[in-house]
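User: Hey, got a minute to go through this one with me? I'd like to know how the parts fit together.
Analyst: Sure, pull it up and we'll start with the domains.

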Amino acid sequence: MRITDKDVAYVAELANLELSEQERTRMLQDLNSILDYVDRLNELDTSSVLPMAQVSDRYSLDPSEKGGRFAHASREDVVEGLRKSLPHTIALQNAPDADDKFFRVPKVIER
Amino acid sequence: MELASLTIDAARSAVESGRITATALAERHFEKIANADPQIGAYLTLSKERALHKAAAIDALAVKGEKLPPLAGVPIGIKDVMATAGVRTTAGSKVLGDYVPPYDCTAVARLEAAGAVVLGKLNCDEFAMGSSNENSAWKPVRNPRDLSRVPGGSSGGSAAAVAADMAVFTLGSDTGGSIRQPAAFCGVVGLMPTYGRVSRYGLIAFASSLDRIGPLTKTVKDAATVMQVIAGRDAMDSTSAEVPVPDYIADMTKPVRGLRLGVAEEYFGEGLDAEIKQAVEAAVQKLAALGCEIVPVSLPHTKYAIPTYYLIATAEASSNLARYDGVRYGYRARDGKTLSEMYRRTRDQGFGAEVKRRIMLGTYALSAGYYDAYYLKAQKARTLLAQDFEEAFKKVDAIVTPTSPTAAFKLGEKVDDPLAMYLADIYTVTADLAGIPGISIPCGETKEKLPIGLQILGKHFDEATILRVAHAFEQTAH
């Protein structure tokens, strides 16, 4: 067992999850079994391998180069934006709790 | 009009010639859904008003004798992970149970602009996480070919709707096999395009370096027709590529003689069902008989694909799903007294077991002290997997494999064993990680009459070649 109850509690906190007692027990078992399986990656010598976080990390961005051109985040700024901002009422219509201007949430600071 | 085997061309030409109105065709599909879907469970939400409004607009064009757009009057369904303005979009999750998007996904908007009629939103695994559709928060989907079996996942509703003639075609999304595996299980065609080929604006994010949108159709030609409409740069998606879109239909009909097709032994080893192996080997023989040259290739890192995938996909998911906090949209737990308690309870009550499992695994893989050992290690293994394909594609034009190691399994068979479920994606995740396109087409049946899928993988942005091989193979079945 590489993961303990304490780890599950800590990771749940990082992930903003509470998890019931029953869920924690099951999670402990599942995560350990999955991590045992992913351990096989340690068979690979990756000391001289570059990481690939995105397809564009590895493949050309240059359109003149063969192999295609993968896009990346940079583009010319468009001052007015690519689309109009949503009207206030539309932006708030899916909110679980809102007044006519703002999203409302439970108290953040106790005094 | 018979809906079985109704293709895009047949539907469009029936509308164009006036043999049926777009409105009547949509109504026929709604009737079919009303009769068949209670047993199958493919649709989560019907968008009747939107569909009939669109159909009426097409009918008005037809009456005037105007030239109709390429998908005029074609009834379609959309996986519920794609935003549809004014139509509930849940991603198969309780956390988005009442979510009504204020905007349209680009792929959906392009299909509608081309005349397609959106019938409704299709069931899927919660946030597209699953291989059987049993992780939907709402209801499972049953395989139309055998109701005791799963349709595959995560685009299970998208595959089942096409297989049961409840849509002419559908859109699905693929992160680890979620278009191709259900296509194989339900006996339809499923295409995952190259990463960047189709805009993902409006696709609810699961793992952003992997997620793609693609069609599930009855024929290869239909897949090419849909690609012609949805492919191409979209300013709203910074990862969509500025690569010209070829004429897929014209390219598809070119002869396959002389094409070099790779066969990798790593895809035919332990775990592959004997009947599937036999069917795929027979398919390879048919392609050879059509004049393709069969070339052995090696993809030596294939056995590392599932662990690589589950670290990368879950790490990205843990980050993407942080947005579901009960503040701006979606579900909010009412019993949280403080802000942080509200966040935690919202997520606890809103997410299902598999989603929580993946958020936990991903958070762990990214956490201090484990980042290098898990997430970074997986990114490096991803490079090795991509290199495997680079080497292979120096020798071949496409690679032919089984889509899935087994045919559709029974509902409940794997729900208690997440690892066994993950292994259902063993032949599909590699293409997601490398960014290359892949298609699954039917290539026979098991003795129990369950469909078998043949997967064809291609080079980046070379959907044309895999469509061509798929089309040539499809013709041999007629």
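User: How many Å separate the centres of domain 1 and domain 2 of chain B?
Analyst: Taken over C-alpha atoms, the centres of domain 1 of chain B and domain 2 of chain B are 23 Å apart. Keep in mind that this is a predicted model.

User: OK, and which residues go into each domain of chain B?
Analyst: The domain assignment puts 8–251 of chain B in domain 1, while domain 2 consists of 255–306 + 378–476.

User: How many residues does each one bring to the contact?
Analyst: Domain 1 of chain B brings 41 residues and domain 2 of chain B brings 39 residues.

User: Which elements on the domain 1 side give two or more residues?
Analyst: In chain B those are α6 (180–186), β5 (189–192), α7 (220–230) and α8 (248–252). The largest share of that side comes from α6(B), with 6 residues.

User: What's the residue mix there?
Analyst: On the side of domain 1 of chain B that touches domain 2 of chain B, you get 19 nonpolar, 13 polar and 9 charged residues.

User: Switching to the two chains: how many residues does each put into the contact?
Analyst: Chain A puts in 48 residues and chain B puts in 58 residues.

User: Which elements of chain A supply at least two residues?
Analyst: That would be α1 (5–14), α2 (21–38) and α3 (55–58) of chain A. Of these, α2(A) has the largest share of the side touching chain B, at 7 residues.

User: And the mix on the chain A side?
Analyst: The side of chain A that touches chain B has 33 nonpolar, 7 polar and 8 charged residues.

Methods: Residues numbered from 1 in each chain as written. Chains lettered and ligands numbered in written order. Predicted model: local features only at pLDDT ≥ 70, side-chain atom pairs only at ≥ 80, totals over all residues. Domains from an automatic or database assignment. Contact = placed C-beta atoms within 7 Å. Helix = DSSP H or I, 4+ residues; strand = E, 2+ residues; numbered from the N terminus. Nonpolar A, V, L, I, M, F, W, Y, C, P; charged D, E, K, R; others polar.
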